[in-house]
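Visitor: Please take me through one part of this model in close detail. I would like the helix packing and the charged pairs, with the numbers.

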Amino acid sequence: MGTMFAVVLVFVGCCSNVVSLELLVREFPGCGNIVTFAQFVFIALEGFIFETNFGRKKPAIPVSNYVIMVTMFFTVSVINNYALNFNIAMPLHMIFRSGSLIANMILGIIILKKRYSASKYLSIALVSAGIFICTIMSAKQVNVSSDGSEDHGVYAFVHWLIGIAMLTFALLMSARMGIFQETLYKQYGKHSKEALFYNHFLPLPGFLLLSTNIYSHCILFNQSTPVFIPVLERTVPLMWVYLLINVITQYVCIRGVFILTTECASLTVTLVVTLRKFISLIFSIIYFQNPFTAWHWVGTAVVFLGTLLYTEVWSSVRAALRAEVKQKKAE
């Protein structure tokens, strides 16, 4: 029951979150910072009340370790959202972030000196090829859509390349953070809710560096189309409604993933999150009519094939089928 509930939370929360984010970005492409700030404040406030009991509960992992983790987490969150300012379409953004497993594996080989099976290395090649295909096709679209002078076309392409560089850096930084978390959990034990709170609470002062951008978007949000909210019996600017939906759905998604990590094996969690990304991607393309060529579909299929190969889902299915056949024969 708990597992099924968690799966529903992940799919409903994360897919709704993608929709609300796209609605915000389409209206104000540079709103990534205010979205990140709102998510951090909401999750930090919830953790402060329910996890730390208003600061009375001592952390199981030393705060100094959380400071290192938080620096990486804050950097990844801000850069991922800020990359949307650089002509990065939402589908490409999702596909790029689907390479997190592989980035983690590459850094695991380099830093932790891990060794993997041939199927794992093949999955690296597949995911890398899929992301490369989608990136190249998106690059062509940037060139085609850059109407006007040649200088403007070059500027748009360079602008897009900066966004790709930001996503690549965030991907590698996220993988490095995952390895750091892995070593911490081995030393101190798993404290996922505590880590979730400190990862969102400690970075809050860092948003002072982005305060000008956040404030300017507050003004822009206030000027958006007002909508009537029956519960409040008053009108509220539409962008604030979208932001509230985004924050709540982000929290629902994170809570769902947290429940899954406590109820299921890591393979199941990875598979559910991967399928969620794929469904979010399909929904984004169909509902918002984002440009997506046949080559984009090929690249996407290769990315998800590589991810499924990495999680050894095929081996698990075959093992389950064999066990079922043996059980029938025994009967």
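**Salt bridges and the packing of helix 2**

Guide: Start with a charged pair. K57 and E51 form a salt bridge, and their closest N and O atoms are 3.1 Å apart. Keep in mind that this is a predicted model. The two partners differ in burial. E51 has a relative accessible area of 14%, under the 20% limit, so E51 is buried. K57 has a relative accessibility of 43%, so K57 counts as partly exposed.

How many salt bridges does the structure hold? It holds two. The other pair is E22 and R26, whose side chains meet at 3.2 Å, N to O. Both residues belong to helix 1, which covers residues 2–27. They sit four residues apart, about one turn of the helix. Side chains of opposite charge can pair when their charged atoms come close. Burial again splits the pair. E22 is at 4% relative accessibility and therefore counts as buried. R26 is at 46%, so R26 is classed as partly exposed.

Now turn to helix 2, residues 32–50. Two packed helices are described by the angle between their axes and the distance between the axes. Take helix 3 as the first partner; it spans residues 63–82. The angle between helix 2 and helix 3 is about 140 degrees, and their axes lie 8 Å apart. Why is this pair called oblique rather than roughly antiparallel? Roughly antiparallel needs an angle over 145 degrees. The angle here is about 140 degrees, so helix 2 and helix 3 are oblique to each other. Their crossing is right-handed.

Which residues make this contact? Helix 2 contributes G32, N33, T36 and F40. Helix 3 contributes F73, F74, S77, V78, N81 and Y82. By class, the residues of this contact are five nonpolar, five polar and no charged.

Helix 8 is another partner of helix 2, and it runs over residues 192–201. Helix 2 and helix 8 pack at about 135 degrees, with 8 Å between their axes. That angle makes helix 2 oblique to helix 8. Here the crossing is left-handed.

On the helix 2 side, the contact with helix 8 uses Q39, F40, I43, A44, G47 and F48. On the helix 8 side, it uses L196, F197, N199, H200 and F201. These residues divide into seven nonpolar, four polar and no charged. One residue deserves a second look. F40 meets helix 3, and F40 also meets helix 8.

Step back to the whole protein. Its secondary structure comes to 13 helices and two strands. Of its 331 residues, 46% are buried. Among contacts with a separation of 6 or more, 80% join residues 24 or more positions apart.

T307 gives an example of residues separated along the chain. T307 lies in helix 12, residues 294–310. Is T307 buried or exposed? Its relative accessible area is 4%, so T307 is buried. Along the chain, T307 and V127 are 180 residues apart. In space, their C-alpha atoms are separated by 6.8 Å.

Conventions:
Residues are numbered from 1 along each chain as its sequence is written. This is a predicted model: local features need pLDDT of at least 70, side-chain atom pairs count only at pLDDT 80 or more; totals for chains, interfaces and linings use all residues. Side-chain values use heavy atoms; hydrogens and water are left out. Axes are lines fitted to C-alpha atoms, for helices over the stretch in contact, and angles run from 0 to 180 degrees between N-to-C directions. Angles under 35 degrees count as roughly parallel, over 145 as roughly antiparallel, 65 to 115 as roughly perpendicular and the rest as oblique. A crossing is left-handed if the near helix is turned anticlockwise from the far one by less than a right angle, and right-handed if clockwise. Contact means heavy atoms within 4.5 Å. Ala, Val, Leu, Ile, Met, Phe, Trp, Tyr, Cys and Pro count as nonpolar, Asp, Glu, Lys and Arg as charged, and the others, Gly among them, as polar. A salt bridge is a side-chain nitrogen of Lys or Arg within 4 Å of a carboxyl oxygen of Asp or Glu. Buried means under 20% relative accessible area, exposed over 50%, partly exposed in between (1.4 Å probe, protein chains only).
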